[in-house]
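Biologist: I should be grateful for a close look at one part of this protein, set in the context of its surroundings. The structure is shown here for reference.

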Amino acid sequence: MKTLRKKSVDTPIIAVTGGKGGTGKSTIAVNLAAGLSSSGLKVMLVDADVDGPSCASLLGMKLGSGETVNTFLPIIDQEKCVRCRKCVESCSEHALIGLVGQVPKLFEELCSGCRACQIVCDHGAIREGGKKVGTIYISDFSGIRVVVGELKPGEPRSPVMARLTILRAIDELQRGTYDVVVIDTAPGVHNTVAQPLWVSDFALAVTEPTPLGAHDLRFILELTRELDLPVGVILNKADVPGGLRGDIIKTSREFGTDVIAEIPMDTELLRSYISGRPLVEMSRDSPAARSLLSIVSRVKEILDKWKGHPSSINSGVKNP
Ligand code: SF4
Ligand code: SF4
């Protein structure tokens with residue numbers, strides 16, 4: 001699977017990510033987008049958690065009709081194929097197999113649609129084929145441009161869909177003027193997560209003070225380090241009794257960063273989910289909303305540093 005190249009747009013991109021699912025990553029992304037928008041910034045929110053996008057429902061918005069996303073699939077012309085195996089050797093996904101003297105066989109679920117096989121075939125034996133991988137929804141909601149990528153049910157190629165969602169968002173970005181992009185990534189450290197991180201300027205890694213949260217935080221911080229991406233940690237459910245807050249802080253510092261916000265457990269969050277309204281709009285004085293608003297302020301500080309000095313963004317998140 002090829003990764004995206006670094007973006008060619010100037011708008012700062014913030015990825016909200018996390019090593020495990022269920023940490024409240026999407027809630028933080030939505031509230032960050034809503035808070036930044038309320039403060040007067042032009043915001044794009046991208047839901048790249050394509051296996052289960054939830055930003056729209058957290059915003060209480062209905063997705064309209066979307067754009068069907070198709071990817072290339074090679075169709076091998078048996079008559080033209082000279083069985084040279086060049087396409088097999090060019091396929092980094094191992095989606096094509098074929099012994100010498102055989103027409104290669106395609107394993108559709110492994111194919112990323114990269115076209116390398118078609119490019120290397122000197123005999124014009126690979127024809128154009130296509131397959132739907134998902135749908136992209138783009139709409140405006142409360143002043144926020146919302147881009148949602150949704151993988152087709154049963155389709156295994158979520159990294160491909162994540163990549164195409166980001167590419168579509170970047171395309172949209174070039175058609176308008178935005179102050180900031182917030183991306184809600186998939187959980188984990190696989191390629192579906194790496195795709196949006198690759199185009200981001202910094203990441204907020206969301207975790208919780210549980211053994212699994214502490215364990216998975218290490219993986220996401222290793223990934224951001226690998227990608228040379230500045231990162232700050234957000235500790236959700238920070239006040240859970242018996243929680244491993246100390247471990248989270250220790251791990252964050254080990255990776256040269258820090259916990260930049262702690263969000264307490266708050267029943268208002270549940271009310272916010274049910275009503276489909278971001279907490280920072282619904283109940284600004286609740287304990288969790290105050291913490292979410294502190295993230296908004298912190299991100300705004302980082303964006304202010306960004307203006308005219310993109311390289312200074314590192315100092316906004318990483319520890320000195
Ligand atoms: S590169 Fe073209 S000719 Fe060679 S095996 Fe593949 S499809 Fe056939
Ligand atoms: S398009 Fe061709 S080279 Fe690329 S992953 Fe699919 S089969 Fe492999």
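Is helix H6 (residues 191-199) largely enclosed by the rest of the structure or largely open, and why?

Modeller: The model is a predicted one, and what follows should be read in that light. Helix H6 is largely enclosed by the rest of the structure, because 7 of its 9 residues are buried. A residue is called buried here if 20 or more other C-beta atoms lie within 10 Å of its own. In H6 the residues that meet this criterion are Thr192, Val193, Ala194, Gln195, Pro196, Leu197 and Val199. The cover over these buried residues includes the strands E1, E8 and E9, together with helix H5 (158-173) and helix H7 (211-226).

The strands named in that cover belong to an open sheet of 9 strands with mixed pairing. The order of the sheet is E3-E6-E7-E2-E8-E1-E9-E10-E11. E3 and strand E11 (259-263) stand at the edges, and each has a single partner strand, so one side of each is left without a neighbour in the sheet. On average, neighbouring strands are turned by 20 degrees against each other, direction ignored.

Other helices also lie against this sheet. Helix H1 (residues 25-38) lies across strand E1 (13-17), strand E2 (43-47), strand E7 (144-151), strand E8 (180-184), strand E9 (202-207) and E10, and runs at about 165 degrees to E8. Helix H11 (residues 287-306) packs on the sheet as well, where it touches E1, E8, E10 and E11. The direction of H11 makes about 160 degrees with that of E11.

At the E11 edge, strand E10 (residues 231-236) and E11 run parallel and are joined by 4 bridges. Isoleucine 234 has alanine 261 in E11 as its bridge partner.

At the other edge, E3 pairs with strand E6 (residues 126-141) in the antiparallel sense over 10 bridges. Within this part of the sheet, asparagine 70 stands opposite lysine 132 in E6. E6 in turn pairs with E7, again in the antiparallel sense, over 8 bridges. The bridge partner of phenylalanine 141 in E7 is isoleucine 144. The hairpin of E6 and E7 has 2 residues between the strands, and serine 142 takes a positive phi near 50 degrees there.

Threonine 71 lies in strand E3. Threonine 71 counts as buried because it has 21 C-beta neighbours inside 10 Å. Leaving aside residues up to four places away in sequence, threonine 71 touches Gly113, Gly130, Lys131, Val133 and Val160. The C-alpha atoms of threonine 71 and cysteine 111 are 9.4 Å apart, although the two residues are separated by 40 residues in sequence.

Cysteine 111 leads to the surroundings of ligand 2. Of the 15 residues around ligand 2, those that come nearest are Cys91, Cys111, Cys114, Ala116 and Cys117. Strand E3 (67-76) and helix H4 (116-120) are the elements that give two or more residues to this shell. By class, the shell has 10 nonpolar, 3 polar and 2 charged residues. Ligand 1, for its part, is surrounded by 13 residues, of which the closest are Cys81, Cys84, Cys87, Cys121 and Ala125. The shell of ligand 1 divides into 9 nonpolar, 1 polar and 3 charged residues.

The division into domains completes the setting. The protein is divided into domain 1 (13-68 + 135-317) and domain 2 (78-124), and the C-alpha centres of the two domains lie 38 Å apart.

Note on methods. Residues are numbered from 1 along each chain as its sequence is written. Chains are lettered from A and ligands numbered from 1 in the order in which they are written. This is a predicted model: local features need pLDDT of at least 70, side-chain atom pairs count only at pLDDT 80 or more; totals for chains, interfaces and linings use all residues. A residue is near a molecule or strand if its C-beta atom, placed from the backbone, lies within 6 Å of it. Ala, Val, Leu, Ile, Met, Phe, Trp, Tyr, Cys and Pro count as nonpolar, Asp, Glu, Lys and Arg as charged, and the others, Gly among them, as polar. Domain bounds come from an automatic or database domain assignment. Two strands pair if DSSP finds at least two bridges between them. Axes are lines fitted to C-alpha atoms, for helices over the stretch in contact, and angles run from 0 to 180 degrees between N-to-C directions. Two residues are in contact if their C-beta atoms, placed from the backbone, lie within 7 Å. A residue is buried if 20 or more other C-beta atoms lie within 10 Å of its own, exposed if 12 or fewer, and partly exposed in between; C-beta atoms are placed from the backbone.
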